[in-house]
Amino acid sequence: MIGHRFSAAAETYDRHARPQLALAQSVVAFLPEIYPEQILELGAGTGQLTRLLAEHFPDVLIDAVDVAEKMVTHSRSKFTRFPQINWIVADAQTYRGNDPYPLIVSSAALHWVVDLTATCANIFQCLEPGGTFALGMMLSGTLKELHDLRQEIAPEKTPLISLPTYEETVAALGAAGFRIERRMHSEEEILYDDARAFFQAIHEQGVTGGKVSAGNAPLSRTELSQLVADYQESFTTDGGVYATYETATFLLTK
Ligand SMILES: C[S@@+](CC[C@H](N)C(=O)[O-])C[C@H]1O[C@@H](n2cnc3c(N)ncnc32)[C@H](O)[C@@H]1O
């Protein structure tokens, strides 16, 4: 239940969302010189990208969609100074606006969908001909240190599903009919004070219960303590412990 998990994380997400903020910034940096009449944002969450969009396009109407009801309620109350943002509870996999949009954006959200190809096809239908889709994706290499360690500690509790690869994402976008105008693919190590701070951060981002790191059964208390201790030992570097985030940013047209 992705909606439920992110709702639970709504209050704490922003304090621990550095990689997500960097991805949102790269999505905005990719935007061409356009001034659309309306924007659709998919998976708006706590509004990190939404805020950047509202600053970049003052007065443009933004339909900010998220599947987690509590996340939408939280953001709606936080963004009362931005009446141009319309907060909507809906699923990016099936959402259709009344009219096609000239600009659609999404950051750090579409890796959660069950069928990325079908979701991209749906987004293609939401976009007007000649329209722009700017997309930031979290990819399969994200938190790879944690996945490998978890596999060693509890091999029978394997993750149910994994994040899409770069190649799968490119294929899904191509199959939907998008033309890739620009792309950037990167892998970055993010530093945390220590393993405990890292686990706290990913828990508060709302990712620990999800497909990024969840297995088919929860770890026991002992397994979790071992995971934290082993992470500290294995992935310590100057100034803390590190975790990899693999991301891609795309500028696409219809
Ligand atoms: C990691 S947060 C990112 C939020 C924001 N875009 C940012 O950059 O900080 C992912 C968000 O995507 C939402 N989400 C996941 N699957 C979704 C779907 N199928 N439709 C709409 N929103 C979805 C989650 O509820 C969550 O709020």
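Is Cys126 buried or exposed? Cys126 is buried, with a relative accessible area of 5%. The model is predicted. Its chain has 9 helices and 8 strands, and a ligand sits with 98% of its area buried by the protein.

**Ligand contacts**
- The ligand has 21 residues around it.
- Gly43, Asp66, Asp91, Ala92 and Ser107 come nearest.
- Gly43 offers a polar backbone atom, 2.8 Å from a nitrogen atom of the ligand.
- Asp91 reaches a ligand nitrogen atom with a polar side-chain atom, also at 2.8 Å.
- Asp66 has a side-chain N or O atom that lies 2.6 Å from an oxygen atom of the ligand.
- Taken alone, the ligand would expose 590 Å², and the protein buries 98% of that.

**Character of the shell**
- Nonpolar residues number 13 in the shell around the ligand.
- The shell also holds 5 polar and 3 charged residues.

**Cysteines**
- Cys120 is buried, with a relative accessible area of 1%.
- Cys126 counts as buried because its 5% falls under the 20% cut-off.
- The number of disulfides comes to 0.

**The chain overall**
- The chain runs to 254 residues, and buried ones make up 55% of them.
- Take the contacts between residues at least 6 apart in sequence: 81% of these join residues at least 24 apart.
- The exposed area of the chain is about 11,900 Å².
- Carbon and sulfur atoms supply 51% of that area.

Note on methods: Residues numbered from 1 in each chain as written. Predicted model: local features only at pLDDT ≥ 70, side-chain atom pairs only at ≥ 80, totals over all residues. Heavy atoms only, no water. Near = heavy atom within 4 Å. Polar contact = N/O pair within 3.5 Å; in protein donor to acceptor, adjacent residues only side chain to side chain. Areas by Shrake-Rupley, 256 points an atom, 1.4 Å probe, with all protein chains shown as cover. Nonpolar A, V, L, I, M, F, W, Y, C, P; charged D, E, K, R; others polar. Disulfide = S-S within 2.5 Å. Buried < 20%, exposed > 50% of the residue type's maximum accessible area, 1.4 Å probe, protein only. Helix = DSSP H or I, 4+ residues; strand = E, 2+ residues; numbered from the N terminus. Contact = heavy atoms within 4.5 Å.
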